[in-house]
Amino acid sequence: MLSYPAAIPLSTRTLNHLADLIRAHRTQRRSRWRRLDPGRQALLALAHLRNGDTLTRLACGFEIGVTTAWRYVREAIDLLAATADDLATAMARIRLLAYAILDGTLIPIDRVADQKPYYSGKHRRHGVNVQVIADPVGRLIWASAALPGSTHDLTAARIHQIIETLTRENVMTFADKAYQGARGSIRTPFKRHRSRPKLSRWQKKVNRANGERANATLKTWKILTKLRCCPRRATAIVQAILVLHHVENPIYAG
């Protein structure tokens with residue numbers, strides 16, 4: 001096979017962060033010699049997550065076996081995911097916002113044996129549902145665990161106790177019409193009625209507030225274009241990417 005160099009649009013800060021996690025893990029386990037040092041293993045995992053490079057291509061480029069590449073990437077993802085903030089921890093930053101934005105996104109997956117739970121009628125494809133919380137300008141703060149794609153956004157928010165937590169912390173949160181009926185501190189788009197005057201400028205601004213920028217940020221990690229692994233791995237991948245995103249953009253880092 002021929003191999004070629006490729007660029008990864010990430011800083012050395014992100015590479016060093018992951019390499020340090022891998023190095024500490026190897027020291028803790030008293031790991032013996034590996035085919036790749038911590039820095040190269042980190043580079044391998046980042047190429048897979050950010051560029052979406054397949055394990056077969058990576059194995060060729062790093063001159064290792066496909067099974068070894070799979071094992072190294074999985075290990076790196078699990079190490080990152082273990083350091084991700086849960087919602088309670090993220091609330092320390094979210095409660096300081098003027099308001100938050102809640103939105104859901106579908107991450108496409110390959111068709112699986114048990115297809116029905118993962119099929120989203122709204123998007124007409126198989127995938128997993130991930131809830132995201134963003135700041136007023138759409139910057140990603142937190143992402144939830146993945147649920148089967150057939151799960152409605154409002155149901156997913158309730159399962160993750162997002163609505164309850166935001167309401168308890170008195171965080172004004174704007175969401176799209178999928179969350180109508182959420183109540184608490186969740187505000188959905190204003191509607192015009194025959195008996196009501198035109199929407200005010202502020203109401204129109206609220207209606208434009210959405211989490212699309214946060215969703216787009218999440219999906220700049222090309223691995224999320226379409227997951228080709230077991231859907232049960234989606235949560236670890238999303239959490240790992242959330243950690244890397246905050247390392248790369250430390251404004252909301254823990």
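Two strands count as paired when DSSP finds at least two bridges between them. This rule underlies the following account of a predicted model, which begins with strand 3 and its hairpins.

## Strand 3 and its partners

In the hairpin of strand 3 and strand 4, five residues lie between the strands, and G138 has a positive phi near 95 degrees. The two strands run antiparallel and are joined by three bridges, with A134 standing opposite L140 of strand 4. Strand 4 covers residues 140-143.

A second hairpin is made by strand 2 and strand 3, with four residues between the strands; here R124 takes a positive phi near 60 degrees. The pairing of strand 2 with strand 3 is antiparallel and has two bridges. Y119 stands opposite H126 in strand 3.

Strand 3 also pairs with strand 1 and strand 5. The table sets out the pairings of strand 3 together with one pair of facing residues for each.

| Partner of strand 3 | Sense | Bridges | Facing residues |
|---|---|---|---|
| Strand 1 (residues 100-108) | antiparallel | eight bridges | P108 and G127 |
| Strand 2 (residues 119-120) | antiparallel | two bridges | Y119 and H126 |
| Strand 4 (residues 140-143) | antiparallel | three bridges | A134 and L140 |
| Strand 5 (residues 147-148) | antiparallel | two bridges | V128 and P148 |

Strand 3 spans residues 125-134, and nine of its ten residues are buried, so the rest of the structure largely encloses this strand.

## The nonpolar core

The largest nonpolar core contains 75 residues, and those with the most contacts inside it are I94, I133, Y179 and L224. Helix 10, residues 234-248, supplies the largest share of this core, namely ten residues. As a general tendency, nonpolar side chains in soluble globular proteins are buried together.

The surroundings of Y179 can be described further. Apart from its neighbours within four places in sequence, Y179 is in contact with several residues, including L102, D103, G104 and Q131. Its contacts also include D153, L154, A157, I186 and T188.

## Salt bridges

The count of salt bridges comes to eight. One of them joins the side chains of D78 and R233, with an N to O distance of 3.0 Å. D78 belongs to helix 4, whereas R233 is in the loop between helix 9 and helix 10, so this pair ties together parts that are 155 residues apart in sequence. D78 is partly exposed, at 33% relative accessible area, while R233 is buried, at 16%.

Another salt bridge links R95 and E169, whose side chains meet at 3.1 Å, N to O. R95 is in the loop between helix 5 and strand 1, and E169 is in the loop between helix 7 and strand 6, so the pair connects parts that are 74 residues apart in sequence. R95 is partly exposed, with a relative accessibility of 40%, and E169 is likewise partly exposed, with 28%.

R93 forms a salt bridge with D85, and the closest N and O atoms are 2.8 Å apart. R93 itself is buried, with 14% relative accessibility.

## A buried acid without a salt bridge

D53 lies in the loop between helix 2 and helix 3. Although D53 is buried, it has no salt bridge: the nearest side chain of opposite charge, that of R57, is 4.7 Å away. A salt bridge requires a separation within 4 Å, which is why D53 and R57 do not qualify. Leaving aside neighbours within four places in sequence, D53 is in contact with A47, H48 and L58.

## Helix 3 and two positive phi angles

Helix 3 covers residues 55-62 and includes G61. G61 counts as partly exposed, at 39% relative accessibility. Its C-alpha atom is separated by 9.3 Å from that of L44, which is 17 residues apart from G61 along the chain.

E63 is in the loop between helix 3 and helix 4. This residue has a positive phi of about 60 degrees although it is not a glycine, and it is exposed, at 63% relative accessibility. Most residues other than glycine have a negative phi.

Q161 likewise has a positive phi of about 60 degrees without being a glycine. Q161 is placed in the loop between helix 6 and helix 7 and counts as partly exposed, at 43% relative accessibility.

Definitions and conventions
Residues are numbered from 1 along each chain as its sequence is written. This is a predicted model: local features need pLDDT of at least 70, side-chain atom pairs count only at pLDDT 80 or more; totals for chains, interfaces and linings use all residues. Side-chain values use heavy atoms; hydrogens and water are left out. Buried means under 20% relative accessible area, exposed over 50%, partly exposed in between (1.4 Å probe, protein chains only). Lys and Arg count as positive and Asp and Glu as negative; His and the chain ends are not counted. Contact means heavy atoms within 4.5 Å. A nonpolar core is a set of buried Ala, Val, Leu, Ile, Met, Phe, Trp, Tyr and Cys residues joined through side-chain atoms within 4.5 Å.
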